[in-house]
Structures are given as C-alpha cells and as structure tokens.
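Reader: Got a minute to walk through this one with me? I'd like to start with a loop and go on from there.

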Amino acid sequence: MTRTAHKYGRRAPTRRPSLAFARMFTRKVPEHPPAEDYLAAMKGGWNMLGNDTAGDCVAVTWANVRRLVTAASGDERYPGQDAVWKVYATQNPDFDPHGSADTNGPGSSADNGMDIQTLLERLVLEGGPDGAKPLAFARVDPTSPDEVKAALAIFGFVWTGVVVQKANEAEFAAEKPWDYHRNSPDAGGHSVITGGYGPPGPGPLGGDERFITWAEETSFTDAYWGRNTDEAWVVVWREHLQHPAFLEGVDLDTLAADYTALTGRRFPSVTPA
C-alpha cells in the first residue's frame, strides 16, 4: 500500500519540572480487558491535519486527544485544520500554511515544530482554540510498564513523544508495527496519541501499543517503545471527572496539592459528576 507523504515536527523535550502521574496514581488500576483499542472505536477514520506538509504533529496530537476524550464523554468534537494551525502558531508565529519553503510556509525556517510540554503549559493557562482548557497534565515514565499500562487504563490514551527511525517509514508503508532497528538512522522527533494495546505478549508491556500517526492507526513493538519513546504525558480534562476509571485511579487531593506546590496557584475548583 502506498501511503501519503508525511512530516515530523516534535522538538527535543525541555524537561522542565512537571507533575508526575506516579504521585497522583492511587495504585488502583480499573478493570480493563487483556486487549483494548480505544482508537478503533472512532468512526470515520482520522485526519491528517497538515502533517503531510508541515511539522505540526504536536498540534495534530492535541486535536486527536480532544476527539478521543470528548467521544468518551458522549459528545465527540474533532478540531479541524484551522484550529490545528492556530495551535501550531503558538510556537511558530511566522508560519503561513499557504506559503512556501521560499517564504514562511511548509518547509521554511518558520515551520519549526513544537515542544509538547510548552504546549501543555499554555493550554492549562489559556485553553485551546476549541475553548477547552485542561485542568492539569502529568508526566508518565515511559520506562515503567506499570505506569504506562495504568495510564492507558485510566485515561484511555497517553500523549507520546518518540524518535522515528528511517526503517519505521518503510514499516509504516508496509502496514507493519514499528520496531527498533539498531543500525537505522533517525528520521525525526514525532508526537502521537497512543490509545490501545494488543493481547498479552512476552515483552514488559505485553502486546503492541496502538497509536495514530499521519491519519492511520498502527502500533509499536515493545522493543521500539523501550528504545525510542522519550516522553509520555496524560492530560486531565474536565471530561475525565465524569469517568469512573479516572475517579478510581487518580487521587484528586494529591493532584491538587502537587499542582499548587508546582505552580503556586490553586487547583481549579471542580466537582466530579
């Protein structure tokens, strides 16, 4: 199968202080099946949202996360291309999606990618172009299989930053899982939404982890995840406060206290449904 052109665009992580998912996790993993694919439940497929021409993968991940979270609450809302360009402009103010590489369009120096944590910090303070403002976000340790599996069970997704290898491009075109290849050069930093896992397997995370990239669903092997995933996040939206899995798995008191200790601000006053 020939798949469409694609770009990357995730900048190297800033590693600023952040909340830790491990601190707010109650150690109660909600009931969940041995294999789950939250992504496949979305009807109508996924949208490219500009990542075939520009390095806007972080902004695209924001849109995909919003779609998944709102669908789980029963009111699916999928931000469109204009909203994604507005998110991209927060770190690329001179970028013009209608320009060219010779001016300030795709492929130019104005098309400079994004940092995930910087976007999450801005969203918490100002919200996104869809009007939704997350309550908080927290770092998941990608080297901890238990943390990753718990985050997927509680939130239904993990916002994931990876390093793509050239060999993975061929695997994507062949509709094969992305594996780690010792001698393959890096192709670029990438941001994706991970939202499922396969049947139990021999690796520490079990079966392959399902994710969306370039409007298609595919998966990581455990070897890839262990070598090429260098950041992972969960984002707390108001919709989560209506979800039993979140209320079982997250200690809201600890979350609020850690939020205040980190930011100096009071955690937003919210009442779970």
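Reader: Where does Arg-27 sit?

Author: Arg-27 is in the loop between α1 (21-24) and β2 (36-37). Keep in mind that this is a predicted model.

Reader: What's its phi, the one for Arg-27?

Author: Near 70°, which is a positive value in a residue other than glycine. As background, most residues other than glycine have a negative phi.

Reader: And is Arg-27 buried or exposed?

Author: Exposed: the relative accessible area of Arg-27 is 56%, and the cut-off for exposed is over 50%.

Reader: Which other residue has a positive phi of about 70° although it's not a glycine?

Author: Ala-215 does. You'll find Ala-215 in the loop between β6 and β7.

Reader: What about Trp-214, what phi does that take?

Author: Trp-214 takes a positive phi near 50°. It belongs to the hairpin of β6 and β7, which has two residues between the strands.

Reader: OK, stay with that hairpin. How do β6 and β7 pair?

Author: In the antiparallel sense, over five bridges, with β7 covering residues 216-220. To give you one pair to look at, Ile-212 has Glu-217 in β7 as its bridge partner.

Reader: And how does β6 pair with β5?

Author: That pairing is antiparallel too, over four bridges, and β5 runs through residues 186-197. Here you can look at Thr-194, whose bridge partner in β6 is Phe-211.

Reader: Why is β6 largely enclosed by the rest of the structure?

Author: Because four of the five residues of this strand, 209-213, are buried. The cut-off for that is under 20% relative accessible area.

Reader: Switching to helices. Which residues of α3 are buried?

Author: In α3, residues 81-89, the buried ones are Ala-83, Val-84, Trp-85, Val-87 and Tyr-88.

Reader: What covers them, the buried residues of α3?

Author: The cover includes α2 (57-72) and α4 (116-126).

Reader: What about Pro-106, where's that?

Author: Pro-106 is in the loop between α3 and α4.

Reader: A loop proline, then. Is Pro-106 buried or exposed?

Author: Buried, with 18% relative accessibility.

Reader: What does Pro-106 contact, leaving aside its neighbours within four places in sequence?

Author: Thr-53, Phe-95, Asp-96, Pro-97, Gly-99, Ser-100, Ala-101 and Asp-111.

Reader: How far is Pro-106 from Asp-96?

Author: They are ten residues apart in sequence, and 7.5 Å apart in space from C-alpha to C-alpha.

Reader: Zooming out, how many helices and strands does the chain have?

Author: Nine helices and eight strands.

Reader: What does the radius of gyration say about the chain?

Author: It's 18 Å, and a compact globule with 273 residues would have one near 19 Å, so the chain agrees with that. Along the principal axes, the C-alpha atoms fill a box of roughly 50 × 45 × 35 Å.

Reader: And how much of the chain is buried?

Author: Buried residues make up 51% of the 273. The accessible surface comes to about 12100 Å², and carbon and sulfur atoms own 49% of that.

Reader: What share of the contacts with a separation of 6 or more is between residues 24 or more positions apart?

Author: 71% of them.

Reader: Last one: how many charges are there, and how far apart are their mean positions?

Author: The chain has 26 positive and 36 negative charges, and their mean positions are 4 Å apart.

Definitions and conventions:
Residues are numbered from 1 along each chain as its sequence is written. This is a predicted model: local features need pLDDT of at least 70, side-chain atom pairs count only at pLDDT 80 or more; totals for chains, interfaces and linings use all residues. Side-chain values use heavy atoms; hydrogens and water are left out. Buried means under 20% relative accessible area, exposed over 50%, partly exposed in between (1.4 Å probe, protein chains only). Two strands pair if DSSP finds at least two bridges between them. Contact means heavy atoms within 4.5 Å. The radius of gyration is taken over C-alpha atoms; the globule rule is 2.2 Å times the number of residues to the power 0.38. Accessible areas come from the Shrake-Rupley method with a 1.4 Å probe; for residues, only the protein chains shown count as cover. Lys and Arg count as positive and Asp and Glu as negative; His and the chain ends are not counted. The place of a charge is taken as NZ of Lys, CZ of Arg, CG of Asp or CD of Glu.
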